[in-house]
Structure formats: structure tokens, C-alpha cells
Amino acid sequence: MKKWIMQHLFHSYSATDVTPDTSKIDQSQFKQSMLFKAGQPHYGTIPKPTSVNHLLRKRQSNGGLIEMGRPYMHEKSMFTASFLPNNGTELDRFPSKLFCGTYSQDGNVFLSACQDQYLRLFDVSKGQFKLFRAIKAQDVGWSVLDTAFSPDGCYLIYSSWSENIHICNIHGDYETHSALDLNPSQAQFCAFSIQFSSDNKEILAGANDGNLYIYDREKGERTLMVDAHEDDVNAVCFADSSSQILFSGGDDGLCKVWDRRMLSESNSSPVGTLAGHSDGITFIDTKGDTRHLISNSKDQSIKLWDMRCFSSENAVENARRAVAQQEWDYRWQRAPRRSRRRILVKGDTSLMTYRGHGVLHTLLRCRFSPKFTTDQNYIYSACATGKVIIYDALTGQVVRTLSEGHGSCVRDVSWHPYENKIISSGWDERHILWEYKENVYYDSDMSDISEDEDGSDEDDIFKTVRRSRRLKDKREQSRRRRGGGRNRTDVAV
């Protein structure tokens, strides 16, 4: 019953944007680059094939579509579009809430972090999900909150409510477990976000004291502490493999861009600021091209940014005022009704805004889809209602909602770098594997299930029941039109 109510209160958290504003992204280099790579420079969207046979006929009639016996990148991404994950299978169940779950860069290892204070490493090569190491976390306050793999795949780091980041080996007969002291200036300290530099020499952290920290692994000490944000720093990442450009996002609602070569404790000014969110930022992911990034926010949206288009001082001030007007606590309160509407921060320089997922309870993650299989055509996000939401990066439309899996908040979600698989990690203590399965179809038309026209706050159980019945009737009608038999499985979007 609890799961049923949560699923059908989706619109109470964040209404799906049926007609996203694409005016900025339509004129951007981001879109032109993606269309060019897709082989469609003269069309408004990346075409989605109707069938695999269509692609095979196209390849056969156009001999130039094969390069050295392998399909071009845009062909692979078009194949993937036809087989997006649509079916969930429980991989494992744990004794407490799951906070982190990510694939390694080579896709052979999956790292899980649970509130029971254990980090678990699974061998996921060759289609298996086999536990090969369980690490008892040290110095844990409440839970492990973030993890990261080293670029060489030999180590992992994790953070919690502690002044230390901990580093452990992944492989080997013996376990190494070391504490890296960030030497913060306050007692109640937590590094909410951590990441290795690409050369493996430094660790970047963002913390609840508003500071950025850099730990030098060769020197064995913290070498930099920068006053970065006016509130908690919830997200940090490197722009690309050069490790020279850094991104950070905080509860002040701002994304900041930093140049590592210019950064020092005496010079703590960012290169630029990206303003447009009306509430705090929970996560940042980079496209890896030194230009584009996405940010997830408590204003119930994801924004796509071009770091070459910084915001003006007026826009930054407008964003600060919008964030200051927020009077709710996302950890235990329902998102205010106004967050379901398009809130425009004057001077917003983002290229695109994606709406359709809920951001509540914890620092939910969002990411670009993998380059190898999808050419990063999608943006996918965890959701407070137990779903995984997949957006078309160019149109902002929700192309897939994975909903028949978790019974409560999904905090982390990770797409395999080389296979068409997604693993989600939820507060219902489960990892769910999402793969494509035949005969599972989605009734994607939920846009007409709207809120009351008068804007009233009627969101009780009776309203939920009415919505559920309308949705059930709509799916039944759709099944009859399609001539579906008893063996077909309904999965609601």
C-alpha cells in the first residue's frame, strides 16, 4: 500500500514538463554537435529507428555505414534507442538503506555502499553479480555518503560525517585501509562529494562548511582549502581528464567553475558562476568535453550548462534571492507546490531544463548516459518516488520511466559504460538491474493526468485513487486497441 501511494503521488513532487522550452538548446553548439555525430545535421532531432530490420536494410543499401567491420557510433546509439532498459530484476537485498552504487570505469566492478557501514564490491564481468570483497567502513557518522573509484581501478575512496576520507584497495589478498585527514576548521564535518583527479595524484572534496578541499596523495596531506560557497558544497567533479577545470555546486543554488592552475587559498575566486536554479544543488555530472555539465537541484529540475556561458552578477543575485525564499526542508517535507511550476530566474544561462523526477530526502544523482552505447544522447536521474527517469538530452522529453522496481527513494543510479544495463540503488535496501526485455511496453501518455485547475492543495488519498483509476482505465483501453494478450506486461510511465 505504501509503495502504491508513493508511486501515484509522483505529480506532488515534480510535474513532468510536457512541452520543454528548447529555444536555447536549439541554437546551441551542443545540439549541432550531437546531430552531426548522429549523421543528421539537417534535422531537428536524432531519429529513432522503428526496428532493427530498418537499420539492417539501411546498412545493406548504404555500404559506407560500416567502418572496419564495425558500425559507426551513431548506428550503435540508434540500436540502443530501440532497446532502452525497460524491465527490472532484483540483484540483491541488504539490511539497511543503500546510498551509493556505481560501476567502475571498465564496467567490471560494481561498488555498493549501505547504511550498515559496509562497502561491497561485486564482480559484474560476464553478466554475473558476485560479491568478492566486503569492507567495513571506519569512522562512519550515520552512513557512507559518497564513493569514488581511482582512475586506475585499484582503489576506492569513501566519505561520511568525519574529518577523514578513507581509501581502500579493490583487489589483492590483503586489505589496505587508510584515513586521509582533511584537517577541517570545524568539528561537525562531512565531505558530501569526493573524486579522484585523472592523474591519480589528488582527491577533490566538497564539504558542509562551504569549502573545497584538495588532498595531495604524494605528500599525504591536505594542500588546499578554498572558501567556495555560502552553504554546503554538495557536489564536485572534474570537467575532463586534464583535471585542470573543476565544477562545484552547493545549497546556495550556484554552480561554480574553477581553474586548478590559478586556485590557491589566497586566490579563491572562481573562473565563473552558473546561475539559474531556485534551490540548492544536489549533484553535478560532466559530459567530459570540457564544456558541458548537468546539475540536479532541489527545485525539482536538472539543468544543462555550457561553461563558456557564465551568468552575470545580476543573474547570480537573482538566484541567491530565489534560494533565500525557500522555506522548506527537502529531507522530510514535501516539495512546495510552486516547485512544480516553471520558475524562471532572470538571467538564467542554462541551455535546457529537465523536469519529471522528484528530488527529496537526500542528495539524488543524475548523469549523462554512456558514450560508447548511447553517444550521451540521454540524461538519466534517480527519483524520490522510487523511479529512474531517462530524458532525451535534446528535447527534454521523458523517453523512459523505470517504475516497477523500488518501493522507496532511489538515491543513486549507474549505467554500465559498455552494456545496455542500469543498476539503481534505493532506500528500500535493494539494487535493481534494468535491462531490455521483449513484450514489455510503456503507456507513456500520463501528461493528461493534471493537477486541479484552481491550483488547490487537494492531494489526499481520494485524489490519488481517482488518478489511479483513470490511469488503469487508460492502460486497459490502450491494451485493447493494441490487441494485447494476457502475456503482455504493463509498466506505467
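**Note on the predicted model: contacts, one sheet and the cores**

1. Of the contacts (heavy atoms within 4.5 Å) in the protein chain between residues at least 6 apart in sequence, 58% join residues at least 24 apart. This is a predicted model, in which local features need pLDDT of at least 70 and side-chain atom pairs count only at pLDDT 80 or more, while totals for chains, interfaces and linings use all residues. Residues are numbered from 1 along each chain as its sequence is written, and side-chain values use heavy atoms, with hydrogens and water left out.

2. The protein chain has nine helices and 32 strands (DSSP runs numbered from the N terminus: helices H or I, at least four residues; strands E, at least two). Buried residues (under 20% relative accessible area, 1.4 Å probe, protein chains only) account for 57% of its 493 residues.

3. Four strands form an open antiparallel sheet in the order S4-S5-S6-S7 (pairing requires at least two DSSP bridges between two strands). Its edges are S4 (98–103) and S7 (130–136), each paired on one side only. Within the sheet, S5 (residues 109–114) and S6 (residues 118–123) are joined antiparallel over five bridges. Phe110 lies opposite Phe122 in S6.

4. The largest nonpolar core (buried Ala, Val, Leu, Ile, Met, Phe, Trp, Tyr and Cys joined through side-chain atoms within 4.5 Å) has 43 residues; Leu119, Leu121 and Trp415 are among those touching the most other members. Elements giving it two or more residues include S4, S5, S6 and S9 (155–159). A second, separate core of 18 residues includes Leu35 and Ile389.

5. Beyond its neighbours within four places in sequence, Leu119 has contacts that include Leu111, Ile135, Val144, Leu156 and Tyr158.

Conventions:
Buried means under 20% relative accessible area, exposed over 50%, partly exposed in between (1.4 Å probe, protein chains only).
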